[in-house]
Amino acid sequence: MIKIFRQLEGGEFTYIGADPGEGVSFAAGVCISKKYRDVPLTYHARIESSAFGYELNKMGLYVKKKTGEFPLLAVERNIGAATIAKLIDLEYPYGKLYRQKTFDRILRQEEDRIGWVTTSANRRKMLDDLALDIRRKELKVYDEEIVSEMLTFIIAERTGEPKPERGHYSDLIMALAIANQIAKENIIQSKWAPSTEKKEKDNFLPEKAEGFITEKYEQPRDWRSG
C-alpha cells in the first residue's frame with residue numbers, strides 16, 4: 001500500500017530506499033526528499049519480490065509525474081535480485097537505479113552493481129546515522145508505522161546489535177536507513193517541508209522515539225521462567 005503524506009513539488013529531487021520481504025516479512029519502500037529532508041511517500045505490504053518491483057515502478061512514475069524526475073532508487077540486493085530484474089524489465093530508468101561499488105575478489109577490481117548491499121560492516125553505521133538524524137530533528141517523519149517500528153527497535157543484550165523486538169518488524173526502518181545513506185552521498189542543506197493540512201502531524205515523531213536504537217534494551221530472559 002502506497003501512502004502519500006504531502007504533495008511533491010516540481011523539481012523536487014527524491015531518493016527511495018527499498019527493502020524486499022520475499023513474501024515472508026513485509027516489503028518496504030521509503031522516499032526521502034533532498035530539498036526538505038522529510039518522508040513524503042512510503043510503501044509497506046507483504047508481497048513477493050517481483051511484484052514489489054511493479055509497486056516500486058509505480059512509486060517512481062508517481063514521483064516523476066509530480067516532480068518531473070524519477071527518484072534515485074536503491075533496492076537492497078541481499079534478497080532483492082528479482083525486484084531489480086523486474087524494474088529493469090519494466091524499463092525503470094537505468095541511470096536512476098542506484099549502483100554500489102563492490103570489490104570483485106576473483107577479478108581483483110572494483111565494479112558498480114545495481115542495488116544496495118547491507119553488510120555487517122555498514123548495517124550499524126546506517127542505523128546509527130539514521131538514529132542521529134532523528135534525534136537532531138534533521139529528518140522529518142510523518143508515517144506512524146515507521147514510528148511504531150522505531151519504538152520496538154532495541155539493542156540485543158547479548159550481541160549489542162540493533163534489531164526489532166520479538167514479534168515486530170524493521171522493514172520500514174531498513175528502507176528508510178538505505179534512503180538516508182544514499183541521500184547523504186550527495187546532500188544539501190534542507191528546509192522544512194510546507195505545512196500539511198493536519199498541523200498536528202508536522203512534528204508527529206514523539207520525544208520517546210528520538211533515542212531509538214541507543215536507549216532501549218532487550219529485557220534479559222531468565223531460562224528458569226520457562
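**Two covered strands and their partners**

Let's start with strand β2: Thr14, Ile16 and Ala18 lie on one face, Tyr15, Gly17 and Asp19 lie on the other, and all are buried. Keep in mind that this model is predicted.

The alternation fits a general pattern. In a regular strand, side chains switch between the two faces of the sheet.

Now the whole strand. β2 spans residues 14-19. Of its 6 residues, 6 are buried, so the rest of the structure largely encloses β2.

What does β2 pair with? Take β3 to begin with: 6 bridges link β2 and β3, in the antiparallel sense. Within that pairing, Tyr15 sits opposite Ile32 of β3. Next comes β5, residues 72-75. Here the sense is parallel, and there are 4 bridges between β2 and β5. Ile16 has Leu73 of β5 as its bridge partner.

On to strand β4, residues 41-45. Is β4 mostly covered or mostly open? Mostly covered: 5 of its 5 residues are buried. Look at the faces. Leu41, Tyr43 and Ala45 are on one side, Thr42 and His44 on the other, and all are buried.

β4 has partners too. Strand β3, residues 27-33, runs antiparallel to β4, with 5 bridges joining them. Gly29 stands across from Tyr43 of β4. Strand β1, residues 2-4, is also antiparallel to β4, through 3 bridges. There, Ile4 has Leu41 of β4 as its bridge partner.

So where does β3 fit in? β3 pairs with β2, and bridges also join β3 to β4. Follow that path on the model: from β5 to β2, from β2 to β3, from β3 to β4, and from β4 to β1.

How values were computed: Residues numbered from 1 in each chain as written. Predicted model: local features only at pLDDT ≥ 70, side-chain atom pairs only at ≥ 80, totals over all residues. Heavy atoms only, no water. Buried < 20%, exposed > 50% of the residue type's maximum accessible area, 1.4 Å probe, protein only. Helix = DSSP H or I, 4+ residues; strand = E, 2+ residues; numbered from the N terminus. Pairing = 2+ DSSP bridges.
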